[in-house]
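Please look first at the sequence and the model shown here, and then read the notes that follow, which treat a set of paired strands and a pair of packed helices in turn.

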Amino acid sequence: MQKDTEPVQDVEHGGPVQSPTATGASTSSTVGVLGAVIAVLSVALLFTILWGADVFEKDNTPPMTRATPQTTPTPPTLLPKTPSPTAPVPAPAAPVPAPAAPAAGTYELGARPFWLADALEEGPLKTTLQACKGKPARKSTWSIGHRGAALQFPEHTEESYRAAALQGAGILECDVTFTKDRELVCRHAECDLHTTTDILVSPLASKCRVGFTKGGPTPQCCASDLTLAEFKTLKGKMDDSTPDAEDAAGYVKSRNTMRTDLYAERGTLLTHAESVALFKELGVQMTPELKGPQGEMPADFTRKQMIDKALQDYTTAGVPPSDVYMQSFLWSDVLEILKTPFGSQAVYLDNRPYSDAAFAATAADFADRAAAGLRFVAPDIGALVGTSGGVLVETEYSKLAKAAGLKIIAWTFERSAWYNRNVAAVITKDADQYKYLDFLAQTVKVHAIFSDWPATTTFYANCFGL
């Protein structure tokens with residue numbers, strides 16, 4: 001225990017004072033005795049001051065810094081409740097450091113990656129993956145958390161993003177749209193709140209452009225019709241609905257058998273700026289996607305203003321352009337981003353292979369985009385892989401994009417059967433997803449891949465050194 005820092009009483013002022021009129025042998029004898037006692041007590045006092053910690057500290061706690069004793073005697077009736085003025089002043093507490101990103105070996109991949117690997121047919125891929133079991137997981141920028149870990153967590157929520165980072169995703173995505181008061185938030189679309197949040201069973205249901213009525217039209221609820229304060233009262237949920245439900249409570253429930261509500265109890269919605277701060281805390285890179293408007297952009301909020309506002313969030317947070325891959329399906333957006341310090345990692349999301357039945361990839365098209373400064377193109381995985389004779393084959397789109405010097409980022413792994421539409425003859429069971437992933441990595445040589453469950457892509461990346 002640390003000694004009290006209260007001043008030590010001076011014994012010379014603690015006993016009775018002798019009468020100045022006392023005389024004779026008795027007085028002399030008394031004085032002699034008192035002198036001896038005073039001498040002994042003075043030595044004891046000095047000993048106590050110098051070595052008090054050793055005398056009074058009976059436990060094994062290391063002695064604390066001793067207080068400097070008072071040089072001016074203090075009356076015994078004055079017992080201060082605070083340390084004496086001459087006691088050392090404790091140094092201010094050090095600032096609490098920001099939470100560190102998980103270190104190598106602290107990531108958690110769970111059972112799914114290994115469950116998939118075990119179900120593969122025997123062969124070199126299965127052997128390699130099984131040999132990687134038990135090795136410490138590490139973060140990989142080849143593995144992108146698509147809206148977080150959206151297979152089991154409500155998309156674009158803090159909980160989903162933290163889960164994806166724990167699974168080793170080295171890049172996380174915030175899809176960016178806006179509120180009524182022109183604040184940027186993370187949502188997949190301007191008007192998807194009816195399937196991704198609890199708005200229809202909240203006090204804000206009346207704000208929806210189209211509410212729920214049994215047997216009626218599909219509900220439509222938009223972030224742009226809510227203020228940021230209203231938006232932040234909502235809770236994220238798994239992205240799905242039950243259109244033929246009897247009531248709104250039934251409508252918001254999920255029917256998707258590929259997903260689960262196991263982690264849907266909490267779903268904290270985030271602004272774009274909050275996502276930037278969170279991703280920085282988690283030590284990951286960032287890939288915001290600028291979502292297109294539901295119709296036209298508001299007159300008081302142009303597309304360029306939205307882009308500038310999003311980029312300013314990174315600048316304000318001190319995030320370097322090398323940590324940001326800003327995406328858009330709109331080529332006009334990409335051209336604007338290319339003019340900024342963040343342009344070297346601008347990503348053109350290309351939906352033409354499935355949205356335009358007449359589309360055919362050409363060398364000239366990719367060359368023109370590369371000449372404009374584009375370095376990254378991102379189609380869905382179905383545009384990159386097909387089948388021929390019962391085996392996976394690389395598409396012309398993939399070959400031409402790479403020939404033009406473009407790097408390919410693909411989306412989205414483990415999301416739905418739609419992404420297997422061009423390979424269904426070969427990818428016939430869940431474990432075959434690793435065959436698909438292996439082809440994308442080793443033949444197509446994608447720069448990175450979005451996944452709804454990053455643990456699977458992280459495990460593969462770790463195993464193959466990506």
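**Strands and helices in brief**

Strand 9 (residues 376-379) runs parallel to strand 12, and 2 bridges join them; two strands pair if DSSP finds at least two bridges between them. The model is predicted, so that local features need pLDDT of at least 70 and side-chain atom pairs count only at pLDDT 80 or more, while totals for chains, interfaces and linings use all residues. Residues are numbered from 1 along each chain as its sequence is written, and side-chain values use heavy atoms, with hydrogens and water left out.

**Strand 12 and its partners**

- Helices (H or I, at least four residues) and strands (E, at least two) are DSSP runs, numbered from the N terminus.
- In the pairing with strand 9, Val377 stands opposite Ile408 of strand 12.
- Strand 12 also pairs with strand 13 (residues 448-451), in the parallel sense and over 3 bridges, and here Ile409 stands opposite Ala448 of strand 13.
- Strand 12 (residues 407-413) is largely enclosed by the rest of the structure, because 6 of its 7 residues are buried (under 20% relative accessible area, with a 1.4 Å probe and protein chains only).

**Helix 9 and helix 10**

- Helix 9 (residues 303-316) packs against helix 10 (residues 331-338) at an angle of about 50°, with the axes 11 Å apart.
- Arg303, Lys304 and Ile307 of helix 9 meet Asp333, Glu336 and Ile337 of helix 10, where contact means heavy atoms within 4.5 Å.
- The residues of this contact between helix 9 and helix 10 comprise 2 nonpolar, no polar and 4 charged.

Definitions and conventions: Axes are lines fitted to C-alpha atoms, for helices over the stretch in contact, and angles run from 0 to 180 degrees between N-to-C directions. Ala, Val, Leu, Ile, Met, Phe, Trp, Tyr, Cys and Pro count as nonpolar, Asp, Glu, Lys and Arg as charged, and the others, Gly among them, as polar. Buried means under 20% relative accessible area, exposed over 50%, partly exposed in between (1.4 Å probe, protein chains only).
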